[in-house]
Amino acid sequence: MILLKDILYKVTLESVTGNPNVPVNEVHFDSRKVGLNDVFVAVKGTQSNGHEYITKAEEQGAIAIICEDMPSKFVNGITYVQTSDSAKALAIIASNYYNNPSENLKLVGITGTNGKTTIATLLYQLFTKAGFKTGLLSTVRVMVADQEYAATHTTPDSLTINKYLAEMNAEGIEYCFMEVSSHGIHQMRTEGLRFEGGIFTNLTHDHLDYHNSFAEYRDVKKSFFDKLPKDAFALVNIDDRNGQIMLQNTQAKKITYALKSYADYRAQILENQFTGLLLKVNETEVWVKLIGSFNAYNVLAIYAAAELLGLTQIEALQYLSELTSVSGRFQYLISAKKITAIVDYAHTPDALKNVLETINDIRTKNENLITVVGCGGDRDRTKRPVMGKIAAALSTKVIFTSDNPRSEDPEAIIEEIEKGVEPLDYKKTLSITSRKQAIKTACQMAEENDIILIAGKGHETYQEIKGERTDFDDFKIVQELLTELNK
């Protein structure tokens, strides 16, 4: 039996009306899930305000209401708790409710614009190979040792996070690697968690539809490092000009990694091919099955984190060499006609630029590079012309198409992308609203040794149009189309 007062430990309280010693059943922030003797936390979200559903929660049997604004009328037998920040309170309550599971394993958070999924997933792979029971909370999937769950958000809500961490505790998991998004930090989903370390990848143009400015986006990321405890580590990419900012106020042990600057962990690219990278990492050579300079940064962060978490240099390098690519991250196939198709999640200007520059560094320039790319609807519109400019400048041909248009008109999104194309690149571009038709056209245009890049959706297996999701997997579609063309 757990009491209300137990789950309120460390929550900043403004007032309590009723009995804090009542036993509670479950905790919810969705009033539709509230049942007898449950706690309802009224959170002011971006889409709706939980305070509007307090009456519904009362009617459905809630034993306690946690809120920022007290209701005008109280119901007998219900305890009302006022706090200054319900989202923060929810995260702390969730942690307390599940017995503070983050304290019983080594939790590492990875934040930044690009590279989060790759680093988190490959650290999960590496520590699993090293013989440890390991957990993963990522955009692509959630892993509790070898048990897989579908992921719904980059950083889940705080109740879901703590539920998975509690399950990891029950399975005896020692390490967990978690993607930490700016939305997750800003919405307090990681409050109440105890991190063993934090990793910063880079910061580029993204989510400015949510954050008011780049400075706000940066400062939200920084706040994650500000809150790390003294005995944790803060591992940052010092080649990114924001890396030093992440370290400004942290109490954690400051560790840096870089390819260009002086750092605690350094790497040099010796060979860059479609089959992998030969790197010199802190004076030792290692071959990895990942591709591109952006992945050299990811590999270096993984190596540094592995050492910081207790693996020896030899162990870390050995397992690094065995790691394989993450689904939808520079995932490629070569058809019978020697056409290379690459599927990548690149959905920001910087990520798209990195992938295209990597391909251009490797290719001989005797073949065409055909890029299929779009931008998601109901998301940061300012990046659309920037991505159009980059795609056209760095490709031989580019086909602008739909990504997940959501509630927007896909053709209007494409028009915004096209506005960024430089006049001298106009002739390189095509616009095809249907994503499948765009991929098919790219496959029909491609000749022997040509390269097709399909960017933006990566691991996603759906397309979202007008609130409905239909099955759509870039990798499966291009695989089927190229096989059909080979016939």
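Is Phe74 buried, partly exposed or exposed? Phe74 is partly exposed, at a relative accessible area of 43%. The close-ups below come from a predicted model, and Phe74 turns up again in the first of them.

**View 1. The ring pair of Phe74 and Tyr80.** By the ring-pairing rule, the count for this model is 12 aromatic pairs. In this one, the ring centres of Phe74 and Tyr80 sit 4.7 Å apart, and the planes meet at 35 degrees, so the pair goes down as tilted. The two partners are not equally covered up: Phe74 is partly exposed at 43%, whereas Tyr80 is buried, with a relative accessible area of 0%.

**View 2. Phe127 meets Tyr175.** Here's another tilted pair: the rings of Phe127 and Tyr175 have centres 4.6 Å apart and planes at 45 degrees. Look at where the partners come from: Phe127 belongs to helix α4 (residues 116-129) and Tyr175 to strand β12 (residues 175-179), so to speak distant parts of the chain, 48 residues apart. Phe127 is buried, with a relative accessible area of 0%. Tyr175 is buried too, because its relative accessible area is 6% and the cut-off for buried is under 20%. Zoom out a little and you get one aromatic cluster, formed by Phe127, Phe132, Tyr175 and Phe177.

**View 3. Helix α9 against helix α10.** Helix α9 (residues 293-308) packs on helix α10 (residues 313-320) at an angle of about 145 degrees, and their axes are 9 Å apart. The crossing of α9 past α10 is right-handed. On the α9 side, the contact is made by Val299, Ile302, Tyr303, Ala306 and Glu307. From α10 come Gln313, Ala316, Leu317 and Leu320. Sort the residues of this contact by type and you get 7 nonpolar, 1 polar and 1 charged.

**View 4. Charges over the ring of Tyr462.** Check out the face of Tyr462: Arg469 lies over it, at 3.8 Å from the ring centre. Lys457 also lies over the face of Tyr462, at 5.1 Å from the ring centre.

**View 5. Ala412 and Gly377.** Ala412 is part of helix α13 (residues 410-418). With a relative accessible area of 30%, Ala412 counts as partly exposed. Measure along the sequence and Ala412 is 35 residues from Gly377; go through space, C-alpha to C-alpha, and the gap is 9.7 Å.

Definitions and conventions. Residues are numbered from 1 along each chain as its sequence is written. This is a predicted model: local features need pLDDT of at least 70, side-chain atom pairs count only at pLDDT 80 or more; totals for chains, interfaces and linings use all residues. Side-chain values use heavy atoms; hydrogens and water are left out. Axes are lines fitted to C-alpha atoms, for helices over the stretch in contact, and angles run from 0 to 180 degrees between N-to-C directions. Helices (H or I, at least four residues) and strands (E, at least two) are DSSP runs, numbered from the N terminus. A crossing is left-handed if the near helix is turned anticlockwise from the far one by less than a right angle, and right-handed if clockwise. Contact means heavy atoms within 4.5 Å. Ala, Val, Leu, Ile, Met, Phe, Trp, Tyr, Cys and Pro count as nonpolar, Asp, Glu, Lys and Arg as charged, and the others, Gly among them, as polar. Rings of Phe, Tyr and Trp (its six-membered ring) pair if their centres lie within 6.5 Å; planes under 30 degrees apart count as stacked, over 60 as edge-to-face and the rest as tilted. Buried means under 20% relative accessible area, exposed over 50%, partly exposed in between (1.4 Å probe, protein chains only). A charge sits over a ring if NZ of Lys or CZ of Arg is within 6 Å of the ring centre and within 35 degrees of the ring normal.
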